[in-house]
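Please open the structure in your viewer and keep the selection tool at hand, since each stop on this tour begins with something to select. Take your time at every stop before moving on to the next.

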Amino acid sequence: MAATSGESVRRRAGDAVRGRSSPNGDAASSMGSLYEFRNGRGEIEVNGSGIVKQSPPPLLQQSGTPKLLTLPTVLTIGRVAAVPLLVSTFYMDGWWATTATTGIFLLAAITDWLDGYIARKMRLGTAFGAFLDPVADKLMVSATLVLLCTKPLKCAVFGDVPWLLAAPSITIIGREITMSSVREWAASQNGRALEAVAVNSFGKWKTATQMTALTVLLASRDPRLATLSFLVAAGVGLLYISAGLAVWSLVVYMKRIWRLLLK
């Protein structure tokens, strides 16, 4: 009996929304009390004066006006703010300076993964965060590459090679500038262009090797690790691998775009 009564309420409210009368000839607006029910798309309220109000579902209420400073966005802003600290500690003297510089960069690399994970897991992604995240990454990586080039590492394995770090650094930074321009162009085109520049597996491997290489190179500046030449060699080797992956991923992106333009 209760289910039948509830169904009657739903039919009457639906008639009121569509502007129809009930089967008994009475307008749905003649119902004397306030009825509320959920139909999966929101909440409909019908009162005695015939006023019908439909409120949005709870999910839309939460996502309709997203917060600007969600947790992932705060983490991303923290990475941007950490760049001046990275530069400052890099040029400081003392046993703690190298550790601080390496720690700042390593923490930035961790939050780079963490903010994306939180944004996907908790659905806290925002347009501002999506814009700022790659900017923060490029700032941190570019600053670190430039810093390492200003104070080349001494390694017996490579000897005195001035361009040892400059070559992969210019390659990586140049690739990032090119991809930023390409993605900006793709954003002004159709959806297929955006799909063509979506992050691929080469880009992910490039980022992983790049972060590992820079962490190792920053840590190897510690005087206590000066005798570990293999550590510097490993960092330089990973940096060149990262530069190679960066160029290869750029080639893959450009091939996709070329095929798109030919269609």
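What follows is a walk through a predicted model, stop by stop.

**Stop 1: an annotated span**

Begin by selecting residues 230-254, which UniProt, in an unreviewed entry, lists as a "transmembrane region". If you colour this span by secondary structure, you will find that it is 100% helix and 0% strand, and the C-alpha atoms at its two ends lie 36 Å apart.

**Stop 2: helix H5**

Next, select helix H5, which covers residues 127-150. With 24 residues at 1.5 Å a residue, H5 should span 34 Å, and the distance between its end C-alpha atoms, 36 Å, agrees with that expectation. Now pick out the buried residues of H5, among them Gly129, Leu132, Ala136, Asp137 and Met140, and show what surrounds them: the cover includes H3, H4, H6, H8 and helix H9 (229-262).

**Stop 3: Arg79 and its partners**

Side chains of opposite charge can pair when their charged atoms come close. In this model the count of salt bridges comes to seven, and a good place to look at them is Arg79. Which residues are linked with Arg79 in a network of salt bridges? Select Asp112, Asp115, Asp133 and Asp137 together with Arg79, and you have the members of that network on screen.

Look at Asp112 to begin with, whose salt bridge with Arg79 has its closest N and O atoms 3.6 Å apart. This pair links distant parts of the chain, because Asp112 sits in helix H4 (residues 95-121) while Arg79 sits in helix H3 (residues 71-90), 33 residues apart. Both Asp112 and Arg79 are buried.

Then turn to Asp133, which also forms a salt bridge with Arg79, here with the closest N and O atoms 2.8 Å apart. Asp133 belongs to helix H5 and Arg79 to helix H3, so this pair ties together parts that are 54 residues apart in sequence. Is each partner buried or exposed, or something in between? Asp133 is partly exposed, with a relative accessible area of 21%, whereas Arg79 is buried, with a relative accessible area of 3%.

**Stop 4: Glu176 and Lys206**

Move on to Glu176 and Lys206, whose side chains meet in a salt bridge with an N to O distance of 2.8 Å. Here too the pair links distant parts of the chain, with Glu176 in helix H6 (residues 166-187) and Lys206 in helix H8 (residues 201-219), 30 residues apart. Both Glu176 and Lys206 are buried.

**Stop 5: Thr73**

Go back to helix H3 and select Thr73, a buried residue with a relative accessible area of 3%. If you leave aside its neighbours within four places in sequence, Thr73 is in contact with Leu68, Thr126, Phe128 and Gly129.

**Stop 6: a nonpolar patch on the surface**

Finally, switch to a surface view and select Leu68, Leu69, Val74, Ile77, Phe128, Phe131, Val135 and Leu139, which make a nonpolar surface patch of about 700 Å². Which helix gives the largest share of the patch? That is H5, with four residues, although H3 and H5 each supply at least two. Leu69, by contrast, is found in the loop between helix H2 (58-63) and H3, and Leu69 is exposed, with a relative accessible area of 55%.

Definitions and conventions: Residues numbered from 1 in each chain as written. Predicted model: local features only at pLDDT ≥ 70, side-chain atom pairs only at ≥ 80, totals over all residues. Heavy atoms only, no water. UniProt positions renumbered as here; feature names shortened; annotations may be inferred. Salt bridge = Lys/Arg side-chain N within 4 Å of Asp/Glu carboxyl O. Buried < 20%, exposed > 50% of the residue type's maximum accessible area, 1.4 Å probe, protein only. Contact = heavy atoms within 4.5 Å. Expected span 1.5 Å × (residues − 1). Patch = residues over 30% accessible without salt bridge, like charges linked within 9 Å, V, L, I, M, F, W, Y side chains within 5 Å. Areas by Shrake-Rupley, 256 points an atom, 1.4 Å probe, with all protein chains shown as cover.
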